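Open the model in your viewer and keep the sequence panel beside it. The tour below goes from one selection to the next.

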Amino acid sequence: MKAVTPLLSILLWIIPGRASGEFKEVRQTIFGMD
Amino acid sequence: MSVALKKVEGVESVQVSLNRGLAEVRLKPGNRIDPEGLRKIVRDAGFTPKGAEVSVRGKVIEQNGNYALEVSSTGEVYALVEDPQRRGTLAELVKVALGEEATLEAYLAESKPPPAENSERTLVLRTFSSSEK
């Protein structure tokens with residue numbers, strides 16, 4: 001039990017802070033050669 | 001340009017159509033790609049990057065009385081503005097997802113050429129989904 005408690009604390013600390021923000025797709029408009 | 005874009009870590013697939021003037025880049029889950037990095041590659045290949053339609057997931061936040069999207073993979077914050085042709089969408093997003101994560105289809109405005117690093121980044125909201133992961 002003593003070992004489980006710190007592990008649980010770490011998980012509880014990590015999970016709420018876990019964010020999945022990211023770009024999924026970029027459709028970039030481009031102009032021809034300069 | 002296509003080869004250079006494919007080499008970027010986190011890129012899943014690239015389709016470049018010079019006829020359509022479009023580079024479509026799909027990104028892998030867990031990527032840390034900032035579209036500015038992709039634009040630099042386009043620029044280095046001798047092309048001029050303009051605006052981009054993007055699919056992006058992030059946290060909807062309020063900042064100085066305005067709304068913004070915080071993208072955790074890059075740490076960037078994008079000001080959110082309403083698409084004049086889709087009035088009410090931003091208000092709806094804020095209503096259902098303020099402080100939460102949401103997936104947005106949006107227009108990422110053309111960036112100022114370097115060295116204008118600190119210019120504000122703006123996303124014009126098209127549609128959103130607040131539940132999809």
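How many residues of domain 1 of chain B are in contact with residues of domain 2 of chain B? Keep in mind that this is a predicted model. To see the contact, colour chain B by domain: domain 1 covers residues 1–50 and domain 2 covers residues 51–133. Seven residues of domain 1 of chain B are in contact with nine residues of domain 2 of chain B. On the domain 1 side, H2(B) gives the most, with three residues. By class, that side has one nonpolar, one polar and five charged residues. Taken over C-alpha atoms, the centres of the two domains of chain B are 20 Å apart.

**Helix H2 of chain B**

Next, select residues 35–44 of chain B, which form helix H2. Show the side chains of B:Pro35, B:Leu38, B:Arg39, B:Ile41 and B:Val42, which are buried. Look down the helix: these residues cover an arc of only 155 degrees around the axis, so they are on the same side of H2(B). What do the buried residues of H2(B) pack against? In chain A the partner is S1, and in chain B the partners are helix H1 (2–7), strand S2 (22–27), S3 and strand S6 (101–108). Just after H2(B), stop at B:Gly46, where phi is positive at about 95 degrees.

**Where chain A meets chain B**

Now select chain A, which has one helix and one strand. Of its 34 residues, 15% count as buried. Show the contacts between the chains: 16 residues of chain A are in contact with 34 residues of chain B. On the chain A side, the touching residues are six nonpolar, five polar and five charged.

Select strand S1 of chain A, residues 22–31, together with strand S3 of chain B, residues 48–63. The two strands run antiparallel and are joined by eight bridges. For one pair to display, take A:Gln28, whose bridge partner in S3(B) is B:Ala52. Then add S2(B), which pairs with S1(A) in the antiparallel sense over five bridges. Here A:Thr29 stands opposite B:Leu22.

**Strand S2 of chain B and its hairpin**

Keep S2(B) selected and add strand S1 of chain B, residues 11–17. These strands run antiparallel, with six bridges between them. B:Ser13 has B:Arg26 as its bridge partner in S2(B). S1(B) and S2(B) form a hairpin with four residues between them. In the turn, B:Gly21 has a positive phi of about 65 degrees.

Which residues of S2(B) are on the covered face and which on the uncovered one? B:Ala23, B:Val25 and B:Leu27 make up the covered face, while B:Leu22, B:Glu24 and B:Arg26 make up the uncovered one. In a regular strand the side chains alternate between the two faces of the sheet.

**Residue B:Gly51**

Centre the view on B:Gly51 in strand S3 of chain B. B:Gly51 counts as partly exposed because 14 C-beta neighbours lie inside 10 Å. Leaving aside neighbours within four places in sequence, B:Gly51 is in contact with A:Thr29, B:Tyr107, B:Leu108, B:Ala109 and B:Glu110.

**The nonpolar core**

Move on to the largest nonpolar core, which has 31 residues. Select B:Leu69, B:Leu104, B:Ala106, B:Leu123 and B:Leu125, the members that touch the most other members. At least two residues of this core come from each of S1 of chain A and, in chain B, S2, H2, S3, S4, strand S5 (76–82), S6 and strand S7 (122–129). Domain 1 and domain 2 of chain B both give residues to the core, so the core lies between them.

Pick B:Ala106 and show its surroundings. Not counting residues up to four places away in sequence, B:Ala106 touches B:Val54, B:Val56, B:Leu123, B:Val124, B:Leu125 and B:Arg126.

**Last stop: B:Asn66**

Is B:Asn66 buried or exposed? Select B:Asn66 in strand S4 of chain B, residues 66–71. B:Asn66 counts as exposed because it has 10 C-beta neighbours inside 10 Å. Draw a distance from B:Asn66 to B:Arg32: the C-alpha atoms are 25 Å apart, with the two residues 34 apart in sequence.

Definitions and conventions
Residues numbered from 1 in each chain as written. Chains lettered and ligands numbered in written order. Predicted model: local features only at pLDDT ≥ 70, side-chain atom pairs only at ≥ 80, totals over all residues. Buried ≥ 20, exposed ≤ 12 C-beta atoms within 10 Å, placed from the backbone. Contact = placed C-beta atoms within 7 Å. Nonpolar A, V, L, I, M, F, W, Y, C, P; charged D, E, K, R; others polar. Pairing = 2+ DSSP bridges. Arc of directions from axis to C-beta. Domains from an automatic or database assignment. Core = buried A, V, L, I, M, F, W, Y, C linked by C-beta atoms within 7 Å.
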